[in-house]
Amino acid sequence: MNKGFISSVLILGFSNTVMAGALPTVNLGMTSFVDGAVPAGSGWYAQSYVQNYSANSIRDAQGNKIPLPKSDVDYISVAQQLSYVPEKTIAGGHIGLNMLVPVLAHIDVDDGLNHQAIKAQRGMADLVVGTFIQFDPIMGESGPKFAHRFEFQVNLPTGKYDRNKDINPGANAVSFDPYWAATYWIDPKWTVSGRFHYLYSLKNNDPNYTYGNAKNLQAGQALHANFETSYAFSPHLRLGLNGYWLKQITETKVDGAKLKDSKEQVWAIGPGAMYSFDQHDHLAANLYFEQNAENRPQGTNLVLRYIHHFH
C-alpha cells in the first residue's frame, strides 16, 4: 500500500486536528459565532477549547476509502488561548496579541491490522502565536452593523513529532496562516460571519518514513474558511448554522518535486449554539458533519468553546 498520503502529521489544535496529509495546523470550525468582533471590548481574554472528532474512514485522492480493513480515527484535543486587546488604537484599530497552546489528549486509531499500517501518538501540539488589528464596530441606528479583524498567525514546530509515526501532534515545520475575520449584522439579532485564511508552510527537514530517504517535505499552499449565520433568540441564547471549508491549492513537494495527487480538501456544516452568561462569559457548541474529503479523514466534529473576559 502506498501510504504517502497519510504520512506526516496530525495537526492539532486551534486548529482542527487533521489526520492525513502534510498540511499543518489549521482552524477548521473552532471559531464561529460573531467572529469579527470581540464580545466585551479591550482587555485580556482566555478561551478554552475541547474537540471530539470521530471518523470511520480516511479518504484517498479520489475521495474513496483507503484500502485497509478499517480506517477509524477518534480523538480528543484540548487547547488554551490567551489574547490581549489594548484600549488604545493605532490607525483606527487595536493591535493585540494571541497565543494558543494545544494538546492532543487522546487518540484511538484502528486500521484493522493491529496498528501495522497506521501508528499514532498523543502529546503537546504546535504553539500558535499571532498579532492582530481589531477594528471597532461600525455602528448603525440600532447597534453594530459591521466589525472585522486582520491577524498574522504563525504555527511554531514545538509539538511532539516522530518520523516513524503516521500521526503526530506536531508538524515539524513553521507555517504562516494569516486571516481576515468579519461579522455583519443583518439586523440587531441576526449575524453573518466568516474567517478566511491563506496557509503557507516551510519545509519539514525530517519527513515521515513513508517518503523513504527524502530529505525534506513542504506541504502545499491552502485556503480555508469558517462561516456562520445565527440569530439571538434572547440576550443569552444564540442559535445558528456553522461550517468550514479547506482546499489545498498546490501540490505537496518532496525534495522539491511535486507529489502527484497530494492535495487535501474537505467541507463541513452543522448546527451551533452559544449561551452568554453575561457580557464577559460565553459558552459555544458546534457540531459539524464533514463531506467530500480527499487525502484526509471524513467524520463528525464536535467543538466546545468557553470565552472569558477579565474585567
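Is Tyr306 buried, exposed or partly exposed? In this predicted model, Tyr306 counts as partly exposed, because its relative accessibility is 31%, a value that lies between the limits of 20% for buried and 50% for exposed residues.

**View 1. Tyr306 and the nonpolar surface patch.** Tyr306 has its place in strand 19, which covers residues 296-309, and it contributes to a nonpolar surface patch of about 1000 Å² whose other members include Tyr184, Ile186, Trp190, Phe233 and Leu283. The elements that give two or more residues to this patch are strand 10 (190-201), strand 14 (237-248) and strand 17 (265-278).

**View 2. The surroundings of Gln47 in strand 1.** Gln47 is found in strand 1, residues 43-59, and is classed as buried because its relative accessible area is 9%, where the limit for that class is under 20%. Leaving aside residues up to four places away in sequence, Gln47 touches Ala79, Gln80, Gln81, Ser83, Arg305, Tyr306 and Ile307. Although Gln47 and Gln81 are 34 residues apart in sequence, their C-alpha atoms are 5.0 Å apart in space.

**View 3. Strand 3 and its antiparallel pairing with strand 2.** Strand 2 (residues 72-85) and strand 3 (residues 93-110) run antiparallel and are joined by 13 bridges, with Tyr75 standing opposite Ile107 of strand 3.

**View 4. Pairing of strand 3 with strands 4 and 5.** Eight bridges join strand 3 to strand 5 (residues 127-135) in an antiparallel arrangement, and within strand 5 the bridge partner of Met99 is Val129. Strand 3 also pairs in the antiparallel sense with strand 4 (residues 123-124), over two bridges, and here Val103 stands opposite Met124.

Definitions and conventions
Residues are numbered from 1 along each chain as its sequence is written. This is a predicted model: local features need pLDDT of at least 70, side-chain atom pairs count only at pLDDT 80 or more; totals for chains, interfaces and linings use all residues. Side-chain values use heavy atoms; hydrogens and water are left out. Helices (H or I, at least four residues) and strands (E, at least two) are DSSP runs, numbered from the N terminus. Buried means under 20% relative accessible area, exposed over 50%, partly exposed in between (1.4 Å probe, protein chains only). Contact means heavy atoms within 4.5 Å. Patches are made of residues with over 30% relative accessible area and no salt bridge: like charges are joined within 9 Å, nonpolar side chains (Val, Leu, Ile, Met, Phe, Trp, Tyr) within 5 Å. Accessible areas come from the Shrake-Rupley method with a 1.4 Å probe; for residues, only the protein chains shown count as cover. A salt bridge is a side-chain nitrogen of Lys or Arg within 4 Å of a carboxyl oxygen of Asp or Glu. Two strands pair if DSSP finds at least two bridges between them.
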